Each structure stands twice: as C-alpha cells, then as structure tokens.
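This report describes one protein chain for a reader who is new to structural work. Please keep the sequence and the three-dimensional view at hand while reading.

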Amino acid sequence: MFDQITPRWPHLLLALAILVALSPTPIPEPAVGSLRSANIALDAGRLDEALNLIDHVMAFDHALEGFYLRAAEIALTADDPLRALNYLNLSSPLASVQGCLRSRALLAIGNLDQAATTWRKTGETCPNAIPFLDTLAQAYLQEDDPISARAIFEELLSLEPLHEDALYSFALITSSSNPEEALSYLLRIDALSPGAKPLSNALIQTIESALALGDPSYTLAQVGQTFARHGEWQIATWAFQNALTLNPEYIEARAYLGLALDRSGRDGLQYLMKAVEAANSAALPRIFLAMHWQELGQPEIALQQLEIASQLEPTNPAVNAELGSVYSALGDTRSAIAAYRQATDLAPKDSRFWILLAQYSLTNEIEVPTLGLPAARNAVVLNPNDPTSLDALGYAHFLLGNFRLSERLLWHAINLEPQRADIQYHMGLLRYAQGEDQKARAAFSIAILLDPGGPIGQLADRILINLRP
C-alpha cells in the first residue's frame, strides 16, 4: 500500500545487526547465519523469505523484540498485514510508531473503522498521513459509506487544505447530502482550476438554480440527475436516497434511485417497482423498469412496459429510443428502425437520437448510405465537437470506402476523447483496410487496454490475433 520500506532496508539491516551485537546473551551461530541470509534475501527483494529468517533469528533472544516494529514494516511491504499485526502485538508499546503501522495493517485487511480510530490516536505524527487518509477514504467509498469517507477527506484537508483531489471528492460527497454547503467548495475548485472539472461546473449551475425554488428534496434530486448525466452513478444514488429521506413520496427520485442502483452494479428493481405502483400513469418509472429488464436480457418484459409508456406519453422520444433498443434485441429490424426514426422525428434538434439511429444502422450495416450516414451527419451538425457523433460519421465513411474523410473525422474524435475504446477500434479497422498493419495493431492494442474484457476489447483482441504477421 505504501512502499516506504525499500529505500530504508540498509538502515533496517544495520539496526538488526546492532541489536544482535548488543544482545546481552551470546547469539548462536545458526542465528547469525540466518541474519546473513535475511540480509541477502532483503537485498534480492525476497521479502517473505527474509521475514521467515528474521523470525528464526528473533526466536533465539527476546532482547531483539525492538526489531518487531521494523519486521512489521517489512511485512506490510510484503503485502502480509496479518503477519505485520502479529509482530506489532509482540512488540513493546511505542504509541506513535506502533499506531501508524497498526492503522496501515488494519486498513490493508479491510478493517476500516479500527484503522481510522487507531490513526486518530496517533494523529498527525504518522509519516505518509496524506496517502494513508486518501486510501482510507477511497476504501470507505468502495464500501458505499459516504459519511465516513467525507469525514476522512475532511481530516486530510485539515492537513493539506489545497489537496485538489481530496477537495474535489469532498465537494462531490457533500453535494449529495448538503448541496448548499457544497457550493462554496465547488466554487473554490473552479477558482483553483477554472474549467478543469466539467462536473463541478455543472453542479454549481444545478445547485444555484434549484436552491432558488426552496425545496431541499428537489435540489438533491436535481443534483442526483447531474451526477447521473456525468456517469457518477454511485454518488447519484446517495443524492436520490437523501431526497427520498426528505420526501418519501418523491416518485421521480425513487425511479431515478432504481436506475442509479442498476447502473452502479446493484439491483434497483424494488425501487422501480414501487415507483411504477405509486405512479401507474407516469411513463418515466416504466421506462427505467424496461431498461432494467433489458439489461437482464429480458426484452419481452421490457417491451410490455414500453408499450404502456408509449400509450401514456406518445410524444416522448425517450420511449421510442428504448423501443428501438428492445426491438433490436428481439431481432425485429423493421420495428427497430421505425422506433429510432420516430424518436428523431419527435426530437429533431437532439443529437442523441440521431446518434442512436446512426449507430444501429452502422453496427448492423443496414442502409448505411441512406440511413446511417445521414443520421450521423445530422448528429455532427447539431453537435460538431461531440466525439460520439464524429466517430459515427467517420465510421460511416469507412464502411462506404471514403478512407480519407473517415481518417480525418476519427482523428478529430480521438483528439477530443482519446480514452474511448470504440473510436480506437474504428481507427484500427481503418488502418488495417489501408494496409498499415503496424498502426492497426497499435490502435487495436489501445482499444484492448481501454476496454479489457469488454465487448470492444474482445473484438479488438480477436482481430489482433488474426492479423497477418
């Protein structure tokens, strides 16, 4: 977790040698031999072997107990926190040093609350306090405990007030529970790095607009939707949960909570079902419920919900977009195209629906010149600097054999968002078609790194394996 032991090994070995030399009783030759072997093992980076030999040395004389703290440090570097805790239990109590090591070991075994309590007893005297606190806070976030994470980030900021990453995390967590308090922190982040955090800027606008209405539950729900739009689904769940705590009858917040739970890898079904039951005539909960079943590979059940939603809100383009996805999963190409077209007819100025229509056409290579290409072109016209739209248009031109224009568009998309695996994959296909195998390999390799084990990564991996030498 904290690689602090390696550069100090010579000092640790020297300390051990001094302890052996000053021992009040003679040290048997086997122990001295073990010490020498431990030195060699440490020099070679064989930490487990060195620790076993150190155990052997210390078994000869309890006068060497002072080295247990150093052995604990080595054990932590060897990713053996249980062994480190055992050494610490055997060592003489030295509150500061022992507490620092113990808190690290407790964190490493996942005992977060005890790690935090132990660290607080030793306070700011611990070396590497900042990385320790940051790791502890992140661990609390992984445990879905924003309250504890926020408290740890607050302690970190008391030690280093200008720690931008900690300040950013602290502001986001605070936004999900107390948006008005978070506003000052978000403004400070924007002042430190103007424009560098799009989510921070979006939250500022959302909070300022929502606060004017004087409804705290509404403000939290709006904050949750902002997190959702930026893909921060875990934090979105906290905002929606807090909105429901203030207003248990908030149907929209309940529906969004179910969606956010689904998107963050959990199960939002109970919240979605309750939202549908509570607002039987509302389309939104049914759309989210349909998305739930679609993701579980049950498009037939999803279709039932969407058909009802379509009757409730026949002019809602989102319903038609989801219908297109469900019809696609059911293999009904004609209905899928019709649904996607209807979505663009209902919202012709929204590039997102043009992208969905284009992607369906391009992925399935259906009516590319008459459907996919015009849809992608419309998306780019509406949003010229959107990498998704540029990628779709570039890929459309690739499928139609216009490699020069395809390359220009794909490069533009990559420059805007180089971490997109799908864009890198399309560039790999283009390079291979151009006969530039080495560049194709590079693009496919990047796609695999960006989407390891995912659908794009798997496609790129299969092509990369079959590329000619």
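Does Arg150 count as buried or exposed? The cut-off for a buried residue is a relative accessible area under 20%, and Arg150, at 19% relative accessibility, therefore counts as buried.

## Arg150 and its surroundings

The model discussed here is predicted. In this model, Arg150 belongs to helix α9. Setting aside residues up to four places away in sequence, Arg150 touches Phe170, Ile173, Thr174 and Glu181.

## Overall architecture

The chain contains 27 helices and 0 strands. Of its 469 residues, 51% are buried. The area that the chain exposes is about 22500 Å², and carbon and sulfur atoms supply 53% of that area.

Contacts also connect parts of the chain that are separated in sequence. Among contacts with a separation of 6 or more, 49% are between residues 24 or more positions apart.

## Confidence of the prediction

The mean pLDDT of the chain is 87, and 84% of the residues reach 70 or more. Among the elements of the chain, helix α22 (residues 368-382) has the highest mean pLDDT, 98, whereas helix α1 (residues 9-21) has the lowest, 46.

Two stretches call for separate mention. Over residues 1-11, pLDDT stays under 50, and the model has 18 contacts beyond four places in sequence for them. Over residues 17-27, pLDDT likewise stays under 50, and here the model has 15 such contacts.

## The nonpolar core

In soluble globular proteins, nonpolar side chains tend to be buried together. In this chain, the largest nonpolar core has 131 residues, and the members that touch the most other members are Leu136, Phe227, Phe288 and Phe444. Helix α8 (residues 129-142) provides the largest share of this core, with 9 residues.

Which residues are in contact with Phe444, leaving aside its neighbours within four places in sequence? They are Tyr425, Gly428, Leu429, Ala460, Ile463, Leu464 and Leu467.

## Trp233 in helix α14

Trp233 is located in helix α14 (residues 233-246). With a relative accessibility of 19%, Trp233 counts as buried. Not counting residues up to four places away in sequence, Trp233 touches Ala228, Leu259, Ala260, Arg263 and Ser264.

The position of Trp233 can also be described relative to Leu257. These two residues are 24 residues apart in sequence, and their C-alpha atoms are 9.3 Å apart in space.

## Salt bridges

How many salt bridges does the structure hold? The number is 10. One of them is formed by the side chains of Glu155 and Arg120, with an N to O distance of 2.6 Å. Glu155 lies in helix α9 (residues 146-159) and Arg120 in helix α7 (residues 112-122), so this pair ties together parts that are 35 residues apart in sequence. Glu155 counts as buried at 19% relative accessibility, whereas Arg120, at 43%, counts as partly exposed.

Further along the chain, Glu407, Arg431, Glu436 and Lys439 are linked in a network of salt bridges. Within this network, the side chains of Glu436 and Arg431 meet at 4.0 Å, N to O, and the closest N and O atoms of Lys439 and Glu436 are 3.2 Å apart. Arg431 is buried, with a relative accessible area of 7%, while Glu436 counts as partly exposed at 27% relative accessibility.

## The disulfide

A disulfide is a covalent bond between the sulfur atoms of two cysteines. The count for this structure comes to 1 disulfide, which joins Cys100 to Cys126 with an S to S distance of 2.1 Å. Cys100 lies in helix α6 (residues 95-108) and Cys126 in the loop between α7 and α8; the two residues are 26 residues apart, and the pair links distant parts of the chain.

Is the link of Cys100 and Cys126 left-handed or right-handed? The link is left-handed, with -100° about the S-S bond. Both Cys100 and Cys126 are buried.

Note on methods:
Residues numbered from 1 in each chain as written. Predicted model: local features only at pLDDT ≥ 70, side-chain atom pairs only at ≥ 80, totals over all residues. Heavy atoms only, no water. Helix = DSSP H or I, 4+ residues; strand = E, 2+ residues; numbered from the N terminus. Buried < 20%, exposed > 50% of the residue type's maximum accessible area, 1.4 Å probe, protein only. Contact = heavy atoms within 4.5 Å. Areas by Shrake-Rupley, 256 points an atom, 1.4 Å probe, with all protein chains shown as cover. Core = buried A, V, L, I, M, F, W, Y, C linked by side-chain atoms within 4.5 Å. Disulfide = S-S within 2.5 Å. pLDDT = per-residue confidence, 0-100.
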